[in-house]
Amino acid sequence: MKLRELLRQPGVAMPALLLAMILLLAIVGPWFAPQPFDAIDFEADWGRGPSWAHPFGTDELGRDLFARVCVGGRLSLAVGLVSTLVALVIGIAWGAVAGYLGGRIDALMMRIVDILYALPFMFFVILLMVLFGRHWLLIFVAIGAVNWLDMARIVRGQTLALRRREFIDAAVIAGLGPAAIIRQHIVPNLIGVVIVCATLSIPQAILVESFLSFLGLGIQEPATSWGALVNDGARAMEVTPWGLIFPAGFLGLTLLCFNQLGDALREAFDGGALRRTRG
Amino acid sequence: MLSYAGRRLLTAVPTLFVLIALSFFLMHLAPGGPFDSERSLPPEIEARLAAEFHLDEPLWRQFGRYLGGLLHGDLGPSFQYEGQTVSGLIASGAPVSAAIGAAAMLLALSGGVALGAIAAMRPGSRLDRGLMLIALTGLSVPSYVVAPLLILIFALSLAWLPAGGWDGGIAAAVLPSIALALPQLAAIARLTRGALAEALDAPWIRTARAKGLPEHLIVLRHALKPALLPVLSYLGPAAAGLMTGSVVVEQVFGIPGIGRYFVQGALNRDYTLVLGVVLFYGALVIVFNFIVDLAYGALDPRVRLA
């Protein structure tokens with residue numbers, strides 16, 4: 001499916017447009033902010049509501065919330081995209097190999113996925129954070145390592161179906177080895193499911209990061225993310241409710257758009273095959 | 001049925017073992033020991049501490065000792081709460097966490113199934129699309145956003161309910177349970193809607209319609225039972241989701257449950273406490289998944305044979 005056709009599917013264009021706007025705002029927004037996101041300004045206006053000078057208001061340290069929400073958004077979105085990329089690479093490789101080779105290897109590989117799937121992962125990620133320190137790189141790796149499970153399952157299912165197609169037989173007859181077949185014939189045909197999966201994995205990753213940051217285990221000051229901002233805002237919400245409402249709104253809207261986009265794409269790529277694999 | 005249960009158990013036991021082993025060895029792989037501090041201790045004291053906690057033994061023997069302790073429900077001493085054991089801390093938080101978790105599960109299940117059923121009655125209608133958009137929103141707004149917003153609205157603005165704290169009363173449990181339940185409620189509503197809409201397309205439903213049964217009886221008697229199977233199998237992940245959510249909700253509302261100990265432990269690098277909670281919740285999720293699998297097998301014979 002071409003990109004233009006895809007955008008014409010019902011329920012695709014709207015969330016895609018909103019997401020593009022949020023992304024644009026996160027990238028260029030700080031350039032238009034009255035002060036850098038971490039500039040503390042005690043004298044002027046701390047804890048003020050939204051105004052022309054500070055569209056989202058300021059926090060209790062006098063920092064401009066508009067700049068903070070934009071900069072936090074950069075981080076949250078980057079976490080979503082990068083860790084999804086990690087999950088994508090592991091998940092596709094794992095699922096395609098298991099699905100193509102089949103038999104005992106498949107059973108063993110999928111049993112490993114089942115076992116990992118049954119663990120309460122958020123706790124595990126926190127354990128990793130406690131043990132190895134709160135390095136930002138660990139956040140990416142931890143989230144990617146969690147999210148590849150979904151991807152592997154779905155890719156494997158799709159590979160099982162692909163394996164029975166004639167062009168795979170033709171490739172086998174032509175003398176191609178399993179590695180070459182997986183690389184040249186299986187993976188390129190997975191593009192549909194992979195796009196859907198990636199779209200649904202991004203909000204998951206953003207959620208996990210903001211969960212950790214909310215608890216104070218994720219990103220550390222002076223850097224910030226939407227989760228960390230929601231945490232700050234929740235602490236001061238009696239005095240400065242806008243500190244909670246703006247980051248929470250952006251976080252919620254972004255997640256909603258990604259989820260809606262994922263649903264719509266799944267509908268567009270195929271009616272039913274993918275629907276049963278996820279809640 | 002018995003062989004099915006046996007096969008399921010064959011997954012549950014290795015899972016539990018992987019969980020324990022992975023957590024344990026990760027903990028010992030971590031740079032720095034539990035007694036590292038700013039001041040370096042005299043070597044005799046360090047040796048004494050290491051001997052006291054058996055840190056001088058080879059790793060595999062420590063693992064054996066830890067496993068042996070686990071069998072007795074002993075998760076070791078807490079490094080931060082002096083004189084308290086991890087098991088004791090978990091036991092003191094468990095009733096509170098369980099009460100709120102059970103209330104949230106009940107709410108999520110009843111509310112989710114009801115909303116999903118209403119939406120599935122008229123697939124594609126405005127009501128259906130509206131409800132599903134709300135459900136998707138509920139799924140997208142995490143508990144740590146919902147919880148402060150609930151406090152802001154119902155406790156601070158309207159002053160209907162307490163903003164936090166725990167006295168064992170119902171009023172104190174309402175907002176935390178709702179905050180905890182909402183994402184799961186949304187997920188269950190989406191699942192029910194999908195499965196029920198599919199079930200309502202089935203040929204036996206056409207038969208029921210042809211018999212002239214009223215619509216609500218068709219749904220309640222014929223369509224809902226097969227449609228609830230996916231919901232049943234979602235209860236395992238839902239339980240895990242509730243545990244994860246409880247960490248945040250207990251933190252926000254100041255409820256003395258397991259989740260709050262966990263966060264405090266994590267922020268203070270209290271290794272044994274964090275490990276203990278991970279194992280406790282991990283085991284709980286595994287047991288819960290096992291029970292759900294058994295129930296599923298009992299309800300749907302096809303699963304047992306597969």
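Is Leu24(A) buried or exposed? In this predicted model, Leu24(A) belongs to helix H2 of chain A, which runs through residues 13-32, and Leu24(A) has 10 other C-beta atoms within 10 Å. Because a residue counts as exposed when 12 or fewer such atoms lie within that distance, Leu24(A) is exposed. From Leu24(A) one may also look to Leu261(A), which stands 237 residues apart from it in sequence and 18 Å apart in space, taken from C-alpha to C-alpha.

Turning to chain B, the domain assignment divides this chain into domain 1, covering 2-71, and domain 2, covering 94-267, and the centres of these two domains of chain B, taken over C-alpha atoms, are separated by 37 Å. Helix H3 of chain B comprises the 13 residues 59-71, which at 1.5 Å a residue should span 18 Å, and the 19 Å between its end C-alpha atoms agrees with that expectation. After H3(B) comes Gly73(B), a residue with a positive phi, near 75 degrees.

The two chains also touch one another, in a contact that takes 45 residues from chain B and 37 residues from chain A. On the side of chain B that touches chain A, at least two residues each are supplied by several helices of chain B, among them helix H1 (2-29), helix H7 (170-199) and helix H9 (215-253), while H11(B) gives the most, with nine residues. Sorted by class, this side of chain B holds 34 nonpolar, ten polar and one charged residues.

Notes: Residues numbered from 1 in each chain as written. Chains lettered and ligands numbered in written order. Predicted model: local features only at pLDDT ≥ 70, side-chain atom pairs only at ≥ 80, totals over all residues. Helix = DSSP H or I, 4+ residues; strand = E, 2+ residues; numbered from the N terminus. Expected span 1.5 Å × (residues − 1). Domains from an automatic or database assignment. Contact = placed C-beta atoms within 7 Å. Nonpolar A, V, L, I, M, F, W, Y, C, P; charged D, E, K, R; others polar. Buried ≥ 20, exposed ≤ 12 C-beta atoms within 10 Å, placed from the backbone.
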